[in-house]
Amino acid sequence: MDQTAWSSLNQLRLEAFKNILYKNLQEKYVALLMTRVTELCHDAFELIQLNRIASVPIIMRSALESYVDLMCLIRNPGHIEEMNQSFDNYISKISGKSPKKNELKIWGKFKLAGESESYNNFYAFLCRSAHGNIETLVRDHAIGDAISIGHSSSAESLMLYLNQTIALASTSLIEGLSFLGFKEDQLSGIKEIQHISGLGKYA
């Protein structure tokens, strides 16, 4: 994919965000989650442009987790309470108290979002790449038997991450903006970019 696709997607994103209106808390949270996903994807894109991809899977994992929250919230307005519970548990933990209620586990979120397959594929890859596992060390920090600092990644790796970044950002925009009432003609440009990413929804 031509790297100008991100520039086109970002322009469409900025134009769409000028017209976002939300009427309730669910719609506000949808807009915020969509913003987070696309901002994280933008950060990943900037690193890809610099050929600094060791941190890209870490950023993309956070983006995918936020996308899953976005889809859970679109499907169920009650997911706001789950998000609030997560914050309450965080406050309890840093205060030395026991959480009042168990949070929904990440697998449960993927299942509710209709993304069970992604959990075992794309998400699993991102999680492995976010830690110092042997495959990550070899791929990102070594050339042959030698330790390497700042070596250039392969063109295939760069293109894979670029496609994932664009596809996830465009998918979150399509889902979020559709929920917020944007019409087909307003989404056609984003859907075209999603399609030419060559990955359907995302890797």
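Helix α3 (residues 56–75) and helix α9 (residues 155–179) pack against each other in this predicted model, with their axes 11 Å apart and an angle of about 20° between them. That angle makes α3 roughly parallel to α9, because anything under 35 degrees falls into that class. The crossing of these two helices, α3 and α9, is left-handed.

If you want to find the contact in the viewer, start with the residues on each side. On the α3 side, look for Val56, Pro57, Met60, Ala63, Leu64, Tyr67, Leu70, Met71 and Ile74. Their partners in α9 are Tyr161, Gln164, Thr165, Leu168, Thr171, Ser172, Glu175, Gly176 and Phe179.

Now for the aromatic rings. A pair of rings is described by how far apart the centres are and by the angle of the planes. Searching the whole structure turns up six aromatic pairs. One of them is tryptophan 6 with phenylalanine 45, with ring centres 5.4 Å apart and 20° between the planes. The pair counts as stacked because its planes are under 30 degrees apart. It also links distant parts of the chain: tryptophan 6 sits in helix α1 (residues 4–17), phenylalanine 45 sits in helix α2 (residues 25–49), and 39 residues separate them. Are these two rings buried or exposed? Tryptophan 6 is buried, at a relative accessible area of 3%, and phenylalanine 45 is buried too, at 6%.

Another stacked pair is tyrosine 119 with tyrosine 123, at 5.6 Å centre to centre and with 25° between the planes. Here the surroundings of the two partners differ: tyrosine 119 is partly exposed, with 25% relative accessibility, whereas tyrosine 123 is buried at 7%. Both tyrosines belong to one aromatic cluster, together with Trp107 and Phe110.

On to the charged side chains. Those of opposite charge can pair when their charged atoms come close. The whole-structure search finds five salt bridges, including the three in this table.

| Salt bridge | Closest N to O |
|---|---|
| Glutamate 39 and arginine 13 | 2.8 Å |
| Lysine 18 and glutamate 15 | 3.3 Å |
| Lysine 191 and glutamate 184 | 2.8 Å |

What does the bridge between glutamate 39 and arginine 13 tie together? Glutamate 39 lies in helix α2 and arginine 13 in helix α1, so the bridge joins parts that are 26 residues apart in sequence. Helices α1 and α2 also hold the two members of the pair between tryptophan 6 and phenylalanine 45, so keep both contacts on screen when you look at that region. Glutamate 39 is partly exposed, at 38% relative accessibility. Arginine 13, on the other hand, is buried, at 6%; the cut-off for buried is under 20%.

How exposed are the partners in the other two bridges of the table? Lysine 18 has a relative accessible area of 62%, and it counts as exposed because that is over 50%. Its partner, glutamate 15, is partly exposed at 37%. In the remaining bridge of the table, lysine 191 is partly exposed, with 30% relative accessibility, and glutamate 184 is likewise partly exposed, with 48%.

Technical notes:
Residues numbered from 1 in each chain as written. Predicted model: local features only at pLDDT ≥ 70, side-chain atom pairs only at ≥ 80, totals over all residues. Heavy atoms only, no water. Phe/Tyr/Trp six-rings, centres within 6.5 Å; stacked < 30°, edge-to-face > 60°. Helix = DSSP H or I, 4+ residues; strand = E, 2+ residues; numbered from the N terminus. Buried < 20%, exposed > 50% of the residue type's maximum accessible area, 1.4 Å probe, protein only. Salt bridge = Lys/Arg side-chain N within 4 Å of Asp/Glu carboxyl O. Axes fitted to C-alpha atoms, helices over the stretch in contact; angles between N-to-C directions. Parallel < 35°, antiparallel > 145°, perpendicular 65-115°, else oblique. Left-handed = near helix turned anticlockwise from the far one by under 90°. Contact = heavy atoms within 4.5 Å.
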